[in-house]
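Morning, everyone. Let me put the model up, and then we go through it piece by piece.

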Amino acid sequence: MPASPSTARAINDRVALRLLQQEGPLTAGQLKQLTGLSRPTVADLVERLTAAGLIEVVGESGEQRRGPNARLYGIVADRAHLAALDVRTEGVSVVVCDLLGRELARASVPIADDTGTGPAVEQAVTLVERAAKEAGAERLHTVGVGAPGLIDPATGELRDSSGLPEWHRRLVAALQERLPARVIVENETNLAALAEQRDGAARDRDTFVLLWLGHGTGAAVVLDGRLRRGASGGTGEIGFLPVPGTSTLPSATDCEGGFHSLAGSAAIAELAAGHGLVATAVSPGEPEAAALVRQAVATLSSAPSPSSSPSPSASSGADRFLSALADRLAIGAASVVAVLDPGCVVLGGEVGQAGGAVLATRVGERLTRMSPLPVEVRASTLGGGAVLRGALLTARESAQDDLFAPRSR
C-alpha cells in the first residue's frame, strides 16, 4: 500500500536528518540530490524541521547564486545533551556530549574498595551532575551506562552479579531519581563491541567476537550485524569458561578456575613476573597487565638483532611472556570460534590495545593451528575507551530516535 501523506513526510524527515547527521551541514539543493526528492518536497521538510527546532541555518555554501538554496542547514546540536558512563569496580568515568556527539566535558572519580554503598553512589551521581554543569547542559536527555555484570534483557536492569560492589546496582536507580533523563544500562563489553564495530577494529565486519581483556575478562558476540545477549543476558561470560591450565573449576558464584584465571589482569601480571617482567608505569585506572604487555611489545620492538646483541635477556623474556600469553588467550578464543565461527576475533580492552598487532598475530597463529575454521585476529583500536564510546553511541541513538520521531500534527 502507498504511504499516507503524513507517513511519507515522517519518512522524508528521518532520511534528511540522518543525512545531516552523517554528512554534516547541507544545502537544500544537496538534500534534493541525496534524497531524490523534488524541490518543493525538500523545501517543505526544511521548513517543517526548522519550525520543530531540529535544524537551523549554520552558514552559506560557496555557490555563486545566493538565495535559499545557498543556505547550509545543520542539526541543532544543543537540542539535547547526552552523558555516557563507564562504571568499573574501582571508579566511574563520564563524558557529556551534544546531539552531534561533540564532547563538552569529561571527568572521572576513583572509588575505593572500602567506600560505603551510599557514599559511592553519591560520588558517582555528583560526578555526572558536575560534568553536565561544566558542559552547560541544563538537563540531560539520555544517559548511557556501561557496567560489568548481567543486564536483564526483559527489563534492561542490572542484575545481581557476584563479585561486584553493591553500589553498582544502586547507581542506576539513583541516576533515574536525580536526573530528569532516560537512563539506558548495557554490559560494558557489549558496548565496547558496538564501538569497535562503528569506529574501531571491526568497522568492516558484521559478524565478530570481541574478547575483552582488562581488569577482568568478557566477550561480546555480534552476528549478522546484531549484538547477541542471550536468554538471560549472559552471552559472553567467558570468565566462567572451564579451560585447561587451571587448578580448579569455576562455580556458579566464582569464576576462579575459569578463563579469568588465565587472562585476568592479576593472572597476566603473575605470568609476566615469572618471565622477569615488572611494570614500570601504570596509568591511573589502567590494569597492570596492560602496562606489562605494552612494555613487552616495546622491548621487542626496540631490541637489536641477535647478531649484534650478546645478551638479549630482556627481549627474550618479553618474547617468552607474549608467547605464553598468546597460548592462554588462544585457549579461550578457540572455544568461541569452534561454537560461533565468527571469522574475526578482536582482542579488546586495555590489554588487547596494548598488545597491538604483535599479540594479535601470535594469537592468530595459534588459532590457525587449533581450529579448522578460518579466523582473523585483530587488536582493538579503542582499548578501554571503547566502553564510554559505546555508551555514548547508544545514548545518541536513543535520543535521536526520540527527537527525530514523527510528531502528531
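Start in the middle of a sheet: which residue in β8 is the bridge partner of V145? It is V185.

Some ground rules. This is a predicted model, so to speak of local features we need pLDDT of at least 70, side-chain atom pairs count only at pLDDT 80 or more, and totals for chains, interfaces and linings use all residues. Residues are numbered from 1 along each chain as its sequence is written, and side-chain values use heavy atoms, with hydrogens and water left out.

Confidence next. pLDDT is the predictor's confidence in each residue, from 0 to 100. The protein averages 89, and 92% of the residues score at least 70. Residues 307–311 stay under 50. For that stretch the model has one contact (heavy atoms within 4.5 Å) beyond four places in sequence.

Overall picture. The protein has 409 residues, and 50% of them count as buried. Buried means under 20% relative accessible area, exposed over 50%, partly exposed in between, with a 1.4 Å probe and protein chains only. The C-alpha trace spans about 75 × 55 × 45 Å along its principal axes. There are twelve helices and 13 strands. These are DSSP runs, numbered from the N terminus: helices are H or I with at least four residues, strands E with at least two.

Back to that sheet. It is open, has five strands in the order β6-β5-β4-β7-β8, and its pairing is mixed. Two strands pair if DSSP finds at least two bridges between them. β6 (103–110) and β8 are the edges, each pairing on one side only. Neighbouring strands are turned by 25° in another sheet, which I will come to; here the average is 15°, direction ignored.

Now β7, residues 142–147. Six of its six residues are buried. On one side sit T142, G144 and G146; on the other, V143, V145 and A147. β7 runs parallel to β8 (182–187), over six bridges. It also runs parallel to β4 (81–88), over five bridges. In that pair, A83 has V143 as its bridge partner. β4 meets β5 (91–98) antiparallel, with eight bridges. There, A84 stands opposite V95.

What lies across these strands? Helix α5, residues 166–178, crosses β4, β5, β7 and β8, and runs at about 165° to β4. Axes are lines fitted to C-alpha atoms, for helices over the stretch in contact, and angles run from 0 to 180 degrees between N-to-C directions.

Second sheet. Also open, five strands, mixed pairing, order β11-β10-β9-β12-β13. Its edge strands are β11 (226–228) and β13 (376–379). β9 (208–213) and β10 (217–223) are antiparallel over six bridges. L210 stands opposite A220 in β10.

Finally, the cores. A nonpolar core is a set of buried Ala, Val, Leu, Ile, Met, Phe, Trp, Tyr and Cys residues joined through side-chain atoms within 4.5 Å. The largest has 45 residues, and V293, F321, L347, V363 and L367 touch the most other members. Helix α10 (313–340) gives the most to this core, with eleven residues. A second, separate core of 34 residues includes A120, W167, L179 and V185. So we end on V185, the bridge partner of V145.
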